[in-house]
Amino acid sequence: DYNIGRSFNGVRLDRNDGPHTVTFTFSNPSQGVNQANINPTLYDVDIATAAYTYSKGTLLTQSFFYYYGDGRGTVPVDNRPIDVRPLDTSFINIYSFGGSAVKIFDMGDNEHLDTVVWGAGQSGNYGNLDHKAAAAVLEAGYQFRDFAWQPWFRTGWNYTTGDHNATDNSHTTFSQLIPTARRYAQIPFYNMQNSNDLFVQAIVKPTSALKVRSDLHYLQLSSNDDLLYSGAGPNDKKRFGMAGLPSGGSYNVGVLLDADVSYQLTQALSTSLYLGHLFPGGVVDANFPSGRRNITYGFWDLIYKF
């Protein structure tokens, strides 16, 4: 789920007029995630987008529309009984629409307040089920540019709907389409489906080349009648690309504490070290035996850019 090497093969058209930009795309994704061969294109997965972006000064707004069509015929992952899912391998059509706004406020004395608002609604069909879902993101941060290490403190809330009834004809779990989980989940054992994520974050720069980031996430499910989802979407022709664990009747996934240290060695060479730990909640406890419920994950990166 690190999702190295994902690309989209297709066409893109941009029209720029001062602060206004209109973008259209149509593409098919390549294989991704941990595939040994990332070049094959998934022609049974279609993605089309349209977006209008306005950018002026420290304000950036966007309205968007995404179409996602999946005709691979793979067995879906959702909260229906396991013996029911293989009976529904119908085409998936999901229409996503929404908008976002990013604004940075100058607070004087070289201090800045940043805000992020993002929201999306979804409709369509999830196989034989009617699909309706939504998501929202609220974030804010404050940075002290004149202080030692330029501390930047941030907080945010990410919420996506889950499904509350496994036996009706509707699917209300927000579909993340083809995500890159590590942009928000440094340990990618979860994604933004049926997710309620409240976090605080601190970033410091002891030097111009050294950056330290630490996050604390309080993770819950939006619906305890749904699953704890993970995965980065379609990565080959045979597997759905998502996984799900039963909630065990609990909302509480756990508390995630992590830290990431990155250093720019040269203009082309950088390195980073990451370590994170999950203090598990009831969802994790319900799926794993005693003594095997904690998650500790670390890695070291060395990146050279040509």
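## Exercises on side-chain contacts

The structure holds eight salt bridges. Keep in mind as you work that this is a predicted model.

**Exercise 1.** Find out whether R12 and D14 form a salt bridge, and sort each residue as buried, partly exposed or exposed.

*Solution.* Start with the general idea: side chains of opposite charge can pair when their charged atoms come close. Next, take the cut-off: the nitrogen must lie within 4 Å of a carboxyl oxygen. For R12 and D14 the N to O distance is 2.7 Å, and the two side chains meet in a salt bridge. Now look at the surroundings. Exposed means over 50% relative accessible area, and R12 has 62%, so R12 is exposed. D14 has 41% relative accessibility and therefore counts as partly exposed.

**Exercise 2.** Describe the salt bridge of R80 and D88, and say which residues belong to its network.

*Solution.* The side chains of R80 and D88 meet at 3.0 Å, N to O. Both residues are buried. Salt bridges with shared partners join D78, R80 and D88 into one network.

**Exercise 3.** Sort the ring pair of F64 and Y66 by its geometry, then do the same for Y304 and F306.

*Solution.* The structure holds 13 aromatic pairs. Two values are needed here: a pair of aromatic rings is described by the distance of the centres and the angle of the planes. For F64 and Y66 the centres are 4.9 Å apart and the planes stand at 20°, so this pair is stacked. F64 has 6% relative accessibility and so counts as buried, whereas Y66, with 31%, is partly exposed. Turn now to Y304 and F306: their centres are 5.0 Å apart, with 80° between the planes, and the pair is edge-to-face. F306 is exposed, with a relative accessible area of 96%. To finish, go back to F64 and Y66, which form one aromatic cluster with W118.

**Exercise 4.** Locate the nonpolar surface patch that includes L265, and name the elements that give two or more residues to this patch.

*Solution.* First list the members: V261, Y263, L265, L273, W300 and L302 form the patch, with about 600 Å² of accessible area together. The elements giving two or more residues to the patch are β14 (252–264) and β16 (295–304). L265 itself lies in the loop between β14 and β15 (269–280). With a relative accessible area of 41%, L265 is partly exposed.

**Exercise 5.** Where does the charged end of K103 sit?

*Solution.* Look at the ring of F105: the charged end of K103 sits over this ring, 5.5 Å from its centre.

Terms used. Residues are numbered from 1 along each chain as its sequence is written. This is a predicted model: local features need pLDDT of at least 70, side-chain atom pairs count only at pLDDT 80 or more; totals for chains, interfaces and linings use all residues. Side-chain values use heavy atoms; hydrogens and water are left out. Buried means under 20% relative accessible area, exposed over 50%, partly exposed in between (1.4 Å probe, protein chains only). Patches are made of residues with over 30% relative accessible area and no salt bridge: like charges are joined within 9 Å, nonpolar side chains (Val, Leu, Ile, Met, Phe, Trp, Tyr) within 5 Å. Accessible areas come from the Shrake-Rupley method with a 1.4 Å probe; for residues, only the protein chains shown count as cover. Helices (H or I, at least four residues) and strands (E, at least two) are DSSP runs, numbered from the N terminus. Rings of Phe, Tyr and Trp (its six-membered ring) pair if their centres lie within 6.5 Å; planes under 30 degrees apart count as stacked, over 60 as edge-to-face and the rest as tilted. A charge sits over a ring if NZ of Lys or CZ of Arg is within 6 Å of the ring centre and within 35 degrees of the ring normal.
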